[in-house]
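Please work through the exercises below with the structure open beside you, and try each task before you read its solution.

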Amino acid sequence: MSRVGKAQIDMPSGVNLEVSKANVVKVKGPKGELVQPLDPSMKVELNDGILEIKRPTDSKRHKSLHGLSRALVANMVKGVSEGFKAEMELIGVGYRVSNTGNLLELIVGYSHPIYFDIPAELKVETKMEKGSNPTIILEGSDKQLLGQIAAKIRAFRKPEPYKGKGIRFVGEQVRRKAGKTAGK
């Protein structure tokens, strides 16, 4: 049996869960509301504040959907109760970042600034403190959307392996290469 799928989800106080006839899960909490359609064969059961996802058979398809469904619902519950956060830093001389509402302006070594519109579901904050790298902080309740937007921002200037310049997540280890060795 799936180890991920059979793990139970504890429902925190203040979080409401509804499952429609079409197996669409709707979770409401203090940080927002999320909706996710699940496969019709998966059964969602809520008993005494503990949520379980059940599968009908042990076929390969149902086993894989079991773990996926449980992970999606668990991320929804955590998102509406606690929320998710991604911190990114810009490493490079002259690299700057600023935001006006949800419009992010990146200056990362190109001949022009890059303007990126962050969806309204996420909150963006930028820090430009002297002595430390410029930082972008993304917060939201939808883990999938947060990760997708963070990956798009990182793709504007991926960390390069020689000097390590670029946009990276805080704490990310960039594999460095040795440069050219001096001639004879």
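The exercises that follow concern a predicted model, and each task is followed by a worked solution.

**Exercise 1. The chain as a whole**

Task: Find how many helices and strands the protein chain has, and decide whether the chain is spread out or compact when it is set against the globule rule.

Solution: Begin with the secondary structure, where the protein chain shows three helices and 13 strands. Next, take the radius of gyration, which is 21 Å, and set it beside the 16 Å that the globule rule gives for 184 residues; the value is well over the rule, so the chain is more spread out than a compact globule. The C-alpha atoms, for their part, fill a box of roughly 70 × 45 × 25 Å along the principal axes. Finally, turn to burial and surface: buried residues account for 36% of the 184 residues, while the accessible surface is about 11500 Å², with 50% of it belonging to carbon and sulfur atoms.

**Exercise 2. Two rings that meet**

Task: Identify which residues form the aromatic pair, and explain which parts of the chain the pair ties together.

Solution: The structure holds one aromatic pair. Its members are Phe 116 and Phe 156, whose ring centres are 5.5 Å apart and whose planes make an angle of 75 degrees. Because planes over 60 degrees apart count as edge-to-face, this pair is edge-to-face. Now locate each partner: Phe 116 belongs to strand S10 (residues 114-117), and Phe 156 to the loop between helix H3 (143-155) and strand S13 (166-169), so the pair ties together parts that are 40 residues apart in sequence. As a last step, compare the accessibility of each residue with the cut-offs, by which buried means under 20% and exposed over 50%. Phe 116 has 14% relative accessibility and therefore counts as buried, whereas Phe 156, at 23%, is partly exposed.

**Exercise 3. Two residues with positive phi**

Task: For Asn 23 and Asp 48, work out whether each residue is buried or exposed, and say in which loop Asn 23 and Asp 48 are placed.

Solution: Start with Asn 23, which is not a glycine and yet has a positive phi, near 65 degrees. Asn 23 is found in the loop between S2 and strand S3 (24-29), and its relative accessibility of 8% makes it buried. Asp 48 likewise has a positive phi without being a glycine, with a value near 50 degrees. The loop that holds Asp 48 runs between strand S5 (43-47) and strand S6 (50-54), and here the relative accessible area is 80%, so Asp 48 is exposed.

**Exercise 4. The surroundings of Asn 133**

Task: Describe where Asn 133 lies, and name the residues that Asn 133 touches when those up to four places away in sequence are not counted.

Solution: First, place Asn 133 in the loop between strand S11 (123-127) and strand S12 (135-140). Its relative accessible area is 32%, so Asn 133 is partly exposed. Leaving out residues up to four places away in sequence, Asn 133 touches Glu 89, Leu 90, Ile 91 and Lys 127. To finish, look at Gly 92: although Asn 133 and Gly 92 are 41 residues apart along the chain, their C-alpha atoms are separated by 8.3 Å.

Methods: Residues are numbered from 1 along each chain as its sequence is written. This is a predicted model: local features need pLDDT of at least 70, side-chain atom pairs count only at pLDDT 80 or more; totals for chains, interfaces and linings use all residues. Side-chain values use heavy atoms; hydrogens and water are left out. Rings of Phe, Tyr and Trp (its six-membered ring) pair if their centres lie within 6.5 Å; planes under 30 degrees apart count as stacked, over 60 as edge-to-face and the rest as tilted. Helices (H or I, at least four residues) and strands (E, at least two) are DSSP runs, numbered from the N terminus. Buried means under 20% relative accessible area, exposed over 50%, partly exposed in between (1.4 Å probe, protein chains only). The radius of gyration is taken over C-alpha atoms; the globule rule is 2.2 Å times the number of residues to the power 0.38. Accessible areas come from the Shrake-Rupley method with a 1.4 Å probe; for residues, only the protein chains shown count as cover. Contact means heavy atoms within 4.5 Å.
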